[in-house]
Amino acid sequence: MSRTIRLGYMGIPFSNSEAMAIDFARQMNWKNLEYVPLMSSRNTIDALLRGEIDYGVIAVRNSSAGVVAETEKALEGTHVRKVLEGSERIHHCMFTLNDKVEVRQICSHIQALGQCKANLAEMYPDAKQFDCSDTAYAAEMLSKGELPEDCGVLCRKAAGENYGLHLKHENIEDRGDNETFFYLIRL
């Protein structure tokens, strides 16, 4: 029987990073594996350095929002190796608690807010924006009442649906070719 591969990723279930982790596992033809959600690049790299995971998945850049600063900073001074590079088409949806919510605040990962900047300015010019550690986590927080009721969140469609939120707008990224590039890393 083969050993279980522990694959950590910078996100939680239903995040873009989880989708890329699943794709990398398929490319590597791994069958016996455990997905380990680690929320951030820093947590993923630290878990790899401590030997808690065998491989990690981190986002490195986006076609419209540029370098993922969080990852760039987390990689400084480390000696991790890139095993694979891949990309995931990123489509952001606006979710709210229900269909009657007037969005006055928007929460998501800073990269997602940047990828939807022009459309958000047009659709919600007066909405206050604030970032959190992961797009799927924003959806989870809204569903648990940890965000204000007038808040909308940007996340993958699967994340908003998983948390029972109302889909207000679909595919609101500024560019139709919005794509994030990820690395599969190891020591």
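Here a biologist and a modeller talk through a helix and some salt bridges in a predicted model.

Biologist: What makes you say that helix α6 is largely enclosed by the rest of the structure?

Modeller: Count its buried residues. Helix α6 covers residues 135-143, and 7 of those 9 residues are buried, so the helix is largely enclosed. The buried ones are Thr135, Ala136, Ala138, Ala139, Glu140, Met141 and Leu142.

Biologist: Which elements do the buried residues of α6 pack against?

Modeller: They pack against the helices α1 (16-27), α4 (110-115) and α7 (157-162), and against the strands β6 (93-96), β7 (105-108) and β9 (151-155).

Biologist: What caps the N-terminal end of α6?

Modeller: That is aspartate 134. One of its side-chain oxygens lies 3.0 Å from the backbone nitrogen of alanine 136, and the cut-off for a polar contact is 3.5 Å. Past the other end, just after α6, glycine 145 has a positive phi of about 80°.

Biologist: Now the charged pairs. Why is the meeting of aspartate 54 and arginine 6 called a salt bridge?

Modeller: A salt bridge needs a side-chain nitrogen of Lys or Arg within 4 Å of a carboxyl oxygen of Asp or Glu. For aspartate 54 and arginine 6 the N to O distance is 3.2 Å, so the pair qualifies. The two are 48 residues apart in the chain: arginine 6 sits in strand β1 (residues 5-9), and aspartate 54 in the loop between α2 (41-49) and β3 (55-62). Arg3 joins Arg6 and Asp54 in a network of salt bridges.

Biologist: How do you know whether aspartate 54 and arginine 6 are buried or exposed?

Modeller: Compare each value with the cut-offs. Buried means under 20% relative accessible area, so aspartate 54, at 15%, counts as buried. Arginine 6 has 25%; partly exposed runs between 20% and 50%, so arginine 6 is partly exposed.

Biologist: Why is glutamate 102 called exposed?

Modeller: Exposed means over 50%, and glutamate 102 has a relative accessible area of 54%, so the word fits. Its salt-bridge partner, arginine 104, has 47% and counts as partly exposed. Their N to O distance is 3.7 Å.

Biologist: What about glutamate 170: which residue does it form a salt bridge with?

Modeller: Its partner is lysine 157, with the closest N and O atoms 3.2 Å apart. Lysine 157 belongs to helix α7, while glutamate 170 lies in the loop between β10 (166-169) and β11 (179-186). Glutamate 170, at 40%, is partly exposed, and so is lysine 157, at 32%.

Biologist: How many salt bridges does a search of the whole structure find?

Modeller: It finds 13.

Notes: Residues are numbered from 1 along each chain as its sequence is written. This is a predicted model: local features need pLDDT of at least 70, side-chain atom pairs count only at pLDDT 80 or more; totals for chains, interfaces and linings use all residues. Side-chain values use heavy atoms; hydrogens and water are left out. Buried means under 20% relative accessible area, exposed over 50%, partly exposed in between (1.4 Å probe, protein chains only). Helices (H or I, at least four residues) and strands (E, at least two) are DSSP runs, numbered from the N terminus. Contact means heavy atoms within 4.5 Å. A polar contact is a pair of N or O atoms within 3.5 Å; within protein, one must be able to donate a hydrogen and the other to accept it, and residues adjacent in sequence count only if both atoms are side-chain atoms.
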